[in-house]
Every structure is written in C-alpha cells, then in structure tokens.
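Welcome, and please open your viewer. We will walk through a few selections together, one stop at a time.

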Amino acid sequence: NSIDRNIFITKLLNSLNAHLEIRGSDSIPSKGPVIVAVNHNNVEVAIHSMRYRTNVFNILSALLSHVDVNPYIIATNKLKFLSVLFTNINITYLDNTKFNSYSSNYKVLLDLIEILRKDRVIILFPEGKQNRGQLRQGKEGVAYLAKNAESNILPVAIYKEKKANKKGRMRSKLVLEFGSIIESETFGDDMKELSRLTDTIMMAIAKMMPKGTRGVYEHRFEE
C-alpha cells in the first residue's frame, strides 16, 4: 500500500543521502485532494540544493507521486529562473504575479479550487512570503482553499538540524518532516473558523520546527 511504499522510499533516500533526512512520510494520504502546507524558508533550501545537488522539492514531489504525479506549486514569474532546479519531477508553476487586485486574486483562487476538486495536490506556503529562518504569521488563504475545495491539509516542515558527530564536530542536515493530516471539514466556514484552521496549520508546522526557529509561534510552546 501507499504507506509501505513511502516508508520504503524514505528509508532508501535517507540511506543514500547523509545531508537530508525524511520523517513522518507515513502521514501522506493515499489520495487527493491535498494541500501541502510548507514553511517558506527557500534560501536555506536553495543553498542545500546547490551544495549537495539534492532538491528537496523534487523529493517531496516523489513522495507525493502516488497521489498526484505532477503536483502544483505556486510561484511568481520572478522565480522562473529557478525552474532549472526542478529536473527530476515536473512541478508546475502557476502565474500569481497579478495578486495586486481583488479580482485577479479571486480568479487565481477559483482556479486553484478547481484543481483541488480534481483530486490533485497543491504545494503552498501559508506564510505568504519567505520567512528568513523564523516562522511568520500564517495567512488565511490555505484555509480558504481547503474549505471551498473540501480538501485536507498536510503540514510539512523543512528545516536545518545541527548535531555533533562522533568526533564532536557539528554537522548539519536538512530535514523534511510530515505532520498529521488536518481535516478541514471539522472547521466552520466563517472568518473566525478560517483563522482557527490557519492557526492549527501553522502550529502543526511550528511543532516540528526546532526551538528558536518558530518565530511568532515560539511563545506558544513556552506557556
């Protein structure tokens, strides 16, 4: 089944790549629609990809391939030059450069809802923009899409983890960690419920992040 498949792929990739570790891949559902909500720390991911020639988003897509062989990822035209990094898996870029008006924003949202209603996968960054190593406040866009498309959400955290090796030297690896599925149908449709769903998504991501990188959610773990 899909869980056994992902466990096998995870063990294989972890054994082949000392600089990347995959955790929690048994949380990946067997079918869509699914919104994969990822923290937006692309600088760290890009540096790791170039240094070790391992694109974490290609690996993410490979682990999702039994759900959708060609998932969507949202990016602006300004980032099209990065498309050369996505050589192993076809990740489709949608044009969201016209998010400067309500009408164009609404049109893109409708397009995404239709994609999800076809049981597809969309990879989104609920923070809205790059977080520079500290989680930003989540936006309600992911929650809105999930409710209107009747889609579940799969929280994912990508972060750097540092540990001392046997010689006492610090070594870092990039971690790709999957959280538990969040069922959008258990939340209401009003703004208060969308905010609550957004907070649930972001807290699920923050819970997987190392202490000191949770940004605006850090204090919630100190209470």
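Which residues in α5 meet which residues in α6? Bear in mind as you look that this is a predicted model. To find the answer, select V142, A143, Y144 and K147 in α5, then add L194, L197, T198 and I201 in α6, since these are the residues that meet. Sorted by type, the residues of this contact are six nonpolar, one polar and one charged.

Now show the two helices as ribbons. Helix α5 covers residues 141–149, and its axis comes within 8 Å of the axis of α6, crossing at roughly 110 degrees. That angle makes α5 roughly perpendicular to α6. The crossing of α5 past α6 is right-handed.

Next, select α6 alone, residues 191–208. With 18 residues at 1.5 Å a residue, helix α6 should span 26 Å, and its end C-alpha atoms are indeed 26 Å apart, so the two values agree. Try colouring its buried residues: E193, L194, L197, T198, I201, M202, M203, I205, A206 and M208.

For the last stop, go to P33, in the loop between β1 (20–23) and β2 (34–38). Is P33 buried or exposed? Its relative accessibility is 15%, and buried means under 20%, so P33 counts as buried. Show what surrounds P33: leaving aside neighbours within four places in sequence, its contacts are L116, D119, R120, A149, E150, S151 and N152. Finally, draw a line from the C-alpha atom of P33 to that of I115: they are 82 residues apart along the chain, yet separated by 8.6 Å.

Terms used: Residues are numbered from 1 along each chain as its sequence is written. This is a predicted model: local features need pLDDT of at least 70, side-chain atom pairs count only at pLDDT 80 or more; totals for chains, interfaces and linings use all residues. Side-chain values use heavy atoms; hydrogens and water are left out. Helices (H or I, at least four residues) and strands (E, at least two) are DSSP runs, numbered from the N terminus. The expected span of a helix is 1.5 Å times one less than its number of residues. Buried means under 20% relative accessible area, exposed over 50%, partly exposed in between (1.4 Å probe, protein chains only). Axes are lines fitted to C-alpha atoms, for helices over the stretch in contact, and angles run from 0 to 180 degrees between N-to-C directions. Angles under 35 degrees count as roughly parallel, over 145 as roughly antiparallel, 65 to 115 as roughly perpendicular and the rest as oblique. A crossing is left-handed if the near helix is turned anticlockwise from the far one by less than a right angle, and right-handed if clockwise. Contact means heavy atoms within 4.5 Å. Ala, Val, Leu, Ile, Met, Phe, Trp, Tyr, Cys and Pro count as nonpolar, Asp, Glu, Lys and Arg as charged, and the others, Gly among them, as polar.
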